[in-house]
Amino acid sequence: MMREKIVLQMKDSGIIPVYNHSDADTALHVMKSCRKAGLQVFEFTNRGTHSAEVFAQLREAARDWEGFYLGIGTIFTTADAKQFYEMGADFLVSPIWDEDLASYTSQHDITWIPGIGTVSEAYRAYKSGIGLIKAFPANVLGAEFIKAVRSVIPDLKIMPTGGVTTEESNLATWAKAGVHCVGMGSQLFAADLIEGGKFEELENKIYVARESLNRFRRF
């Protein structure tokens, strides 16, 4: 199943880059840097009126990248889910749990990663057949939340997002908590590197972060 392939690729990538930019060329450079650094999954976020247009250009650029999955994040409504799914999004990510989104994505066999903030929501997702959830905001919930959820629902895979940093100590904390992968946005994408067009340096930063995470993961 495609959902299983995507979730497995997320585990292999380790870091799920979360990014948005109004300029398609900049977004494409960032996505290419992620791929060169070994990340085969990229989440562009639905933040701003430009998002659909930029996403369409990213989708076209990555169409022939074998084994690469491009998704859309910050999805709140079934209307947005339908729009981006029909535009070719490989997966959808939300900061919330929503019954309508759960129903829509299940009916269409879409990989949906909902945002979870309680054990009850985690169990609801698990009962709905969702194999991977987003613990959000991770810096508020903390690694102990991950451990608590996994102690009672050990088969549920968790991706903390929000406040995950590139520091080795931070990545080690999440890895030791048993995460499936981590979502990283602004902490991964240094504005000075992107604005200065220093994409090789950005690639190296991403690679180092991924290697740091992998040193502590239990595969």
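Buried here means under 20% relative accessible area, and that cut-off settles our opening stop: tryptophan 65 and phenylalanine 68 are both buried. Keep in mind as you click around that this is a predicted model.

**Stop 1: aromatic pairs**

Leave tryptophan 65 and phenylalanine 68 selected and look at their rings. The planes stand at 80 degrees with the centres 5.0 Å apart, so this pair is edge-to-face. How many aromatic pairs are there? The count comes to four.

For another of them, select phenylalanine 55 and phenylalanine 84. Their pair is edge-to-face too, at 5.5 Å centre to centre and with 90 degrees between the planes. Now colour by helix: phenylalanine 55 belongs to α3 (residues 51-61) and phenylalanine 84 to α4 (residues 78-86), and the pair links distant parts of the chain, 29 residues apart. Buried or exposed? Phenylalanine 55 and phenylalanine 84 are both buried.

**Stop 2: the cores**

Next, show the side chains of Val30, Met31, Phe42, Leu58 and Phe189. These have the most contacts inside the largest nonpolar core, a set of 63 residues. Which helix gives the most to this core? Select residues 24-36: that is helix α2, and six of its residues take part.

Now centre on phenylalanine 189 and skip its neighbours within four places in sequence. What is left in contact with phenylalanine 189 includes Pro17, Val18 and Tyr19, then Val30 and Cys34, and further along the chain Met184, Ile194, Leu202 and Ile206.

Apart from the largest core lies another, of 12 residues. To find this second core, pick Val41, Val93, Leu132 and Cys181, which are among its members.

**Stop 3: around strand β7**

Leu132 is a handy way into strand β7 (residues 132-135). Leu132 and Lys134 point one way from the strand, Ile133 and Ala135 point the other way, and all are buried. Stay on lysine 134 and add phenylalanine 136: the lysine lies over the face of that ring, at 4.8 Å from the ring centre.

What pairs with β7? Strand β6 (residues 115-116) does, in the parallel sense and over two bridges; look for glycine 115 opposite lysine 134. Strand β8 (residues 157-160) also runs parallel to β7, joined to it by four bridges. Here the residues to pick are alanine 135 and proline 160, which stand opposite each other.

To finish, switch to cartoon and trace the path from β6 through helix α6 (residues 119-127) to β7: together these make a right-handed β-α-β unit.

Notes:
Residues are numbered from 1 along each chain as its sequence is written. This is a predicted model: local features need pLDDT of at least 70, side-chain atom pairs count only at pLDDT 80 or more; totals for chains, interfaces and linings use all residues. Side-chain values use heavy atoms; hydrogens and water are left out. A nonpolar core is a set of buried Ala, Val, Leu, Ile, Met, Phe, Trp, Tyr and Cys residues joined through side-chain atoms within 4.5 Å. Buried means under 20% relative accessible area, exposed over 50%, partly exposed in between (1.4 Å probe, protein chains only). Contact means heavy atoms within 4.5 Å. Rings of Phe, Tyr and Trp (its six-membered ring) pair if their centres lie within 6.5 Å; planes under 30 degrees apart count as stacked, over 60 as edge-to-face and the rest as tilted. A charge sits over a ring if NZ of Lys or CZ of Arg is within 6 Å of the ring centre and within 35 degrees of the ring normal. Two strands pair if DSSP finds at least two bridges between them. A crossover is right-handed if, with the strands pointing away from the viewer, the path from the first strand over the helix to the second runs clockwise.
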